[in-house]
Amino acid sequence: MSEELKKGLEGVLVAESSLSFIDGEAGRLVYRGYDIEELAAEASFEEVLYLLWNGELPTREQLETFAASMAEDRAVDERVLDTAAALAEADEEPMAALRTLASFLSSDDPESDVAADDLDAARRKGRRVTAKIPTVLAAFDRYRRGEEPLSPREDLGHAANFLYMLTGEEPDDVAEETFDQALTLHADHGLNASTFTAMVVGSTMADLYSAVTAGVGALSGPLHGGANQDVMEMLLDIDAAGEDPVEYVERRRSDDDGWRVPGMGHRVYSVKDPRAVILERKSEELGQTSGEAKWYEMADAIEHHFQAAGLAEKGIAPNVDFYSGTVYYQLGIPVDMFTPIFAMSRVGGWIGHTLEYQAENRLIRPRARYTGPTEATFVPLDER
Ligand code: COA
């Protein structure tokens, strides 16, 4: 009897979760019951992390305590900074650098040797690694630009402090709010590839740093987190060539059948991604205030072309990455830091899901349908 094979685990239920709910047909995303629009507009990223990890929104006092602990956790050991410098010297890609640094951060955690089934300790480890990732990313970027890293500032929020450590300047209110919203929008999204990867590692009761490091690896691919960088590179390409954006995508599509417009299409949404709706507004606003409206306009032209061609109806509509690239670019963030920034936010979901799963753990262990031979005759090495 043949069992049904679900390639890519599409639609397969593997766990129960109360973290995020996605209605792919209605274009709705909810964290613990709250619509993403409301959270992005009203709550800080720290508040959203608290919500994801604790199940409910914090009171003012709880938030102050949590945010203060996170701010204290931001500083990293000299050895970690030296490793960031060595990775910059070796010309590593930022996601490869983050993969190494996320792993090495466990050496800077006072509870690194506490067993994974101590979920309170795991929650504290989660807070520490989430607080430190922006510090190592900013340090890495500054080293490769030949600059010394800046110490984190405890008086700034998570979003503002990262922009400060990266650029050396305290961001204005618009930049801070925009970046904080972008972090909230990327924080969780059900069992996407990187979150599932983190959960699989967590299900062996491995340490949280292993789960986070594995999440970084999964996020680095162009079919997942890498798409936001690809979108901006496409727009920069179009701009450099002075080509019409619609002609550009049509030319690339006809030159190569398999070419996909980055930032378009989604496994779960059959309509426009609700996060793209918010980021599109932000991209347009930033374009108006900075006088550089062209990035938004190019992306918008491509989106409209897909709508007119009937592709949006088939679900090939903007996903979260389509407009986040233009937003980050307009905030002055280097293009190859876009995916690490995604990681800086999604680490919230990796940790939330891993801890939720470990609380009722069962080792994740699927099967493959074997299609190889079963009766091969072994031929000694010298006779082959
Ligand atoms: N541009 C053009 N065509 C696209 C497309 C895109 N971005 N995304 C999907 N399609 C087409 C496919 O070519 C396919 O057409 P076909 O049936 O004629 O072969 C159809 O839509 C279905 O695609 P499929 O690969 O089965 O969808 P999926 O659910 O497996 O893929 C993605 C989802 C995200 C991997 C895919 O849309 C993609 O590669 N997008 C670009 C990368 C990206 O933005 N990733 C970030 C996701 S958050």
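Me: In this predicted model, how many residues of domain 1 are in contact with how many residues of domain 2?

Reply: A contact between domains is read from heavy atoms within 4.5 Å. In this case 19 residues of domain 1 are in contact with 20 residues of domain 2.

Me: Which stretches of the chain make up each domain, and what separation do the centres have?

Reply: Domain 1 takes in residues 33–220 together with 335–359, while domain 2 covers 227–330. The centres of domain 1 and domain 2, taken over C-alpha atoms, are separated by 27 Å.

Me: Let us turn to helix 15: is it mostly covered or mostly uncovered?

Reply: A residue is called buried when its relative accessible area is under 20%, so the reading is made residue by residue against that cut-off. For helix 15, which spans residues 320–330, ten of the eleven residues are buried, and the helix is mostly covered. Those buried residues are Val320, Asp321, Phe322, Tyr323, Ser324, Gly325, Thr326, Val327, Tyr328 and Gln330.

Me: What covers the buried residues of helix 15?

Reply: The cover includes helix 8 (173–186), helix 11 (227–241), helix 13 (274–290), helix 14 (294–308) and helix 16 (338–359).

Me: How should I read the two ends of helix 15, and which residue caps the N-terminal end?

Reply: At the N-terminal end, asparagine 319 acts as the cap, with a side-chain oxygen lying 2.9 Å from the backbone nitrogen of aspartate 321. Beyond the other end, helix 15 is followed by glycine 332, whose phi is positive and near 85°.

Me: Within helix 15, why does threonine 326 count as buried, and with which residues is it in contact?

Reply: Threonine 326 counts as buried because its relative accessibility is 0%, which falls under the 20% cut-off. Once its neighbours within four places in sequence are left aside, threonine 326 is in contact with Met232, Leu235, Ser283 and Trp295. With one of these residues, serine 283, there is also a polar contact, made between the two side chains at 2.9 Å.

Me: For contrast, is glutamate 360 buried or exposed, and where is its place in the chain?

Reply: Glutamate 360 is placed in the segment after helix 16, and it is exposed because its relative accessible area is 69%, the cut-off for that class being over 50%. Sequence separation and spatial separation can be read side by side here: glutamate 360 and alanine 40 are 320 residues apart along the chain, and their C-alpha atoms are separated by 30 Å.

Me: Which residues form a nonpolar patch on the surface?

Reply: Such a patch is built from residues with over 30% relative accessible area, whose nonpolar side chains are joined within 5 Å. Here Leu9, Val12, Val14 and Leu191 form the patch, and together they have about 270 Å² of accessible area. One of its members, leucine 9, lies in the segment before strand 1 (20–23), and counts as partly exposed because its relative accessibility is 38%.

Me: What is the value of phi for leucine 9, and what is it for arginine 32?

Reply: The sign of phi is the feature to read, together with the residue type. Leucine 9 has a phi near 55°, a positive value in a residue other than glycine. Arginine 32 likewise has a positive phi, near 45°, and is a residue other than glycine. Arginine 32 lies in the loop between strand 2 (28–31) and strand 3 (34–35), where it counts as partly exposed because its relative accessibility is 21%.

How values were computed. Residues numbered from 1 in each chain as written. Predicted model: local features only at pLDDT ≥ 70, side-chain atom pairs only at ≥ 80, totals over all residues. Heavy atoms only, no water. Patch = residues over 30% accessible without salt bridge, like charges linked within 9 Å, V, L, I, M, F, W, Y side chains within 5 Å. Areas by Shrake-Rupley, 256 points an atom, 1.4 Å probe, with all protein chains shown as cover. Salt bridge = Lys/Arg side-chain N within 4 Å of Asp/Glu carboxyl O. Helix = DSSP H or I, 4+ residues; strand = E, 2+ residues; numbered from the N terminus. Buried < 20%, exposed > 50% of the residue type's maximum accessible area, 1.4 Å probe, protein only. Polar contact = N/O pair within 3.5 Å; in protein donor to acceptor, adjacent residues only side chain to side chain. Domains from an automatic or database assignment.
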